[in-house]
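User: I want to learn how to read strand pairing in a model. Can you walk me through it?
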Amino acid sequence: MAASVFPVPLSGIQETKLTTTGDTLYASAANTAARLGVGSTNQALGVTGGVPAWQASSKSTLTTTGDTMYASAANTPARLGIGSTGQVLTVASGLPSWSTLSSGGMTLITTTTWDNTVGTYTYSSLGSYKHILITGQNAGHNQAAAQSRWNLRFNGDTSSIYGMSIMQMNGTSFSGTSAPNATDRMTLSEPAGSMISADNADVKLKGGEFQIFIPDYASSDFKSVYWSGGSGQDGTRCMSVGTGRYSSTSAITSITLLMQTGLFKLGTIKVYGVS
């Protein structure tokens, strides 16, 4: 007669503890089996309070292309999403964050090629910046050197509220000129030290280079202007530096460069907004 087989009770691990696919069995105390349910995708097994626990891992924290992982607290990984183009990584309230530069950046507003057809160029749509910078390369005009005076005007304003002081060099000769209350325009350079080259000069070799800086152009105070530049007009080294004042509390919304006589011949002029 065959012997009967009876199941032997388990004194240790209980199969009934494992109720779900992926469960892990661990000791929650001595001789005490406990169940740890499976974690989420990309989590890692760690320890919390002396027992196993599923925790965030680098893979589960970084969910999007460009993410950066950092500690939001001790032993606590956190995700910082990618910033916008041109932003820089900085610190805010003790944590990393993306930030837009608040000063020092330059944005090209417009580029103009002088083309020997007009004696006046006006630049408007200046945007919202702190300062304006205008640069010129290989600049020339179509008149003789004696007519190389050129000027600056703001907002189409032709009243007597422009002031300027200019220091110039022509070869080895130095001269200066000033006007505290000029009408209609602010003179940038006189023939004795023109920043743009005359018609009979090879502008590719002797063309004028200049820069004009207008700080706080949108303020409600009087505006200051600073400029410098030089050319090889008539084969002579010409240089000019100057400061000016526009005695108006109105924001500058347009900037006009104009010849006293004749036309702008050629040159590449760029207007930048400075943040």
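User: In which sense do β13 and strand β18 pair, and over how many bridges?

Analyst: Keep in mind that this model is predicted. Two strands count as paired if DSSP finds at least two bridges between them. Here β13 and β18 (residues 238-246) pair in the antiparallel sense, over nine bridges. For the register, take one residue pair: methionine 167 stands opposite valine 241 in β18.

User: With which strand does β13 (residues 162-170) pair over eight bridges?

Analyst: That is β14, residues 173-182, and the sense is antiparallel. Serine 165 has serine 178 in β14 as its bridge partner.

User: How many residues lie between β13 and β14 in their hairpin?

Analyst: Two residues. Check the backbone there as well: glycine 171, in the turn, has a positive phi of about 70°.

User: How should I think about side chains along a strand?

Analyst: In a regular strand, side chains alternate between the two faces of the sheet.

User: What is the strand order in the open sheet of four strands?

Analyst: Read across the sheet: β10-β19-β12-β15, with antiparallel pairing. The edge strands are β10 (120-123) and β15 (186-189), and each of them pairs on one side only. From one strand to the next, the twist averages 25°.

User: Over how many bridges do β10 and strand β19 pair?

Analyst: Four, in the antiparallel sense, with β19 spanning residues 255-259. To fix the register, use tyrosine 123: isoleucine 255 in β19 stands opposite.

Note on methods: Residues numbered from 1 in each chain as written. Predicted model: local features only at pLDDT ≥ 70, side-chain atom pairs only at ≥ 80, totals over all residues. Heavy atoms only, no water. Axes fitted to C-alpha atoms, helices over the stretch in contact; angles between N-to-C directions.
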